[in-house]
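Work through the exercises below with the sequence and the model open side by side, and try each task before reading its solution.

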Amino acid sequence: AAVCFGAVLLEAASDLQMDAFVAARREHRTDATVIDRGLWMWSRHPNYLGELTWWWGLYLLGVPAAAPGWVVVGSAPMAT
């Protein structure tokens, strides 16, 4: 559950940073073309990393419950 919660926080924070960057560009407060601050300094697409982490977190939630094999097979396509 902690992995899923962290994924939601990561995705939300990166989306807020992207919105702030787009607003700054729209208001001509910056002439940067690429975000290079915050989470975007460490990952090119932290919002997608959050999405990927969400799906792997759901997979990890199913592991202790001895989830059927389709959970393992279904997680891989969702993560790519």
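Three exercises follow, on the helices, on single residues and on a pocket.

The model is predicted, so that local features need pLDDT of at least 70 and side-chain atom pairs count only at pLDDT 80 or more, while totals for chains, interfaces and linings use all residues. Residues are numbered from 1 along each chain as its sequence is written, and side-chain values use heavy atoms, with hydrogens and water left out.

**Exercise 1. Determine how H1 and H2 are oriented to each other.**

Start with the inventory: the chain has 3 helices and 0 strands, where helices (H or I, at least four residues) and strands (E, at least two) are DSSP runs numbered from the N terminus. Next, take the axes of H1 and H2, which come within 8 Å and cross at roughly 165 degrees; axes are lines fitted to C-alpha atoms, for helices over the stretch in contact, and angles run from 0 to 180 degrees between N-to-C directions. Since angles over 145 degrees count as roughly antiparallel, H1 and H2 are therefore roughly antiparallel to each other.

**Exercise 2. Classify tyrosine 48, tyrosine 59 and glycine 38 by exposure.**

The classes are buried (under 20% relative accessible area), exposed (over 50%) and partly exposed in between, with a 1.4 Å probe and protein chains only. Tyrosine 48, in helix H2, counts as exposed because its relative accessibility is 57%, and its C-alpha lies 7.3 Å from that of glutamate 11, 37 residues away in sequence. Tyrosine 59, also placed in helix H2, is partly exposed because its relative accessible area is 21%; its C-alpha is separated by 9.8 Å from that of cysteine 4, 55 residues apart along the chain. Glycine 38 sits in the loop between helix H1 (2–26) and helix H2 (46–62), and at 35% relative accessibility glycine 38 counts as partly exposed.

**Exercise 3. Describe the lining of the largest pocket by class.**

A pocket is an open set of points on a 1 Å grid over the protein atoms alone, where a 1.4 Å probe fits, with protein on both sides within 12 Å along at least five of seven lines, and lining residues have an atom within 4 Å of a point. The lining residues include Gln17, Phe21, Ile35, Asp36 and Arg37. Sorting the lining by class gives 6 nonpolar, 2 polar and 2 charged residues, where Ala, Val, Leu, Ile, Met, Phe, Trp, Tyr, Cys and Pro count as nonpolar, Asp, Glu, Lys and Arg as charged, and the others, Gly among them, as polar.

Notes:
Angles under 35 degrees count as roughly parallel, over 145 as roughly antiparallel, 65 to 115 as roughly perpendicular and the rest as oblique.
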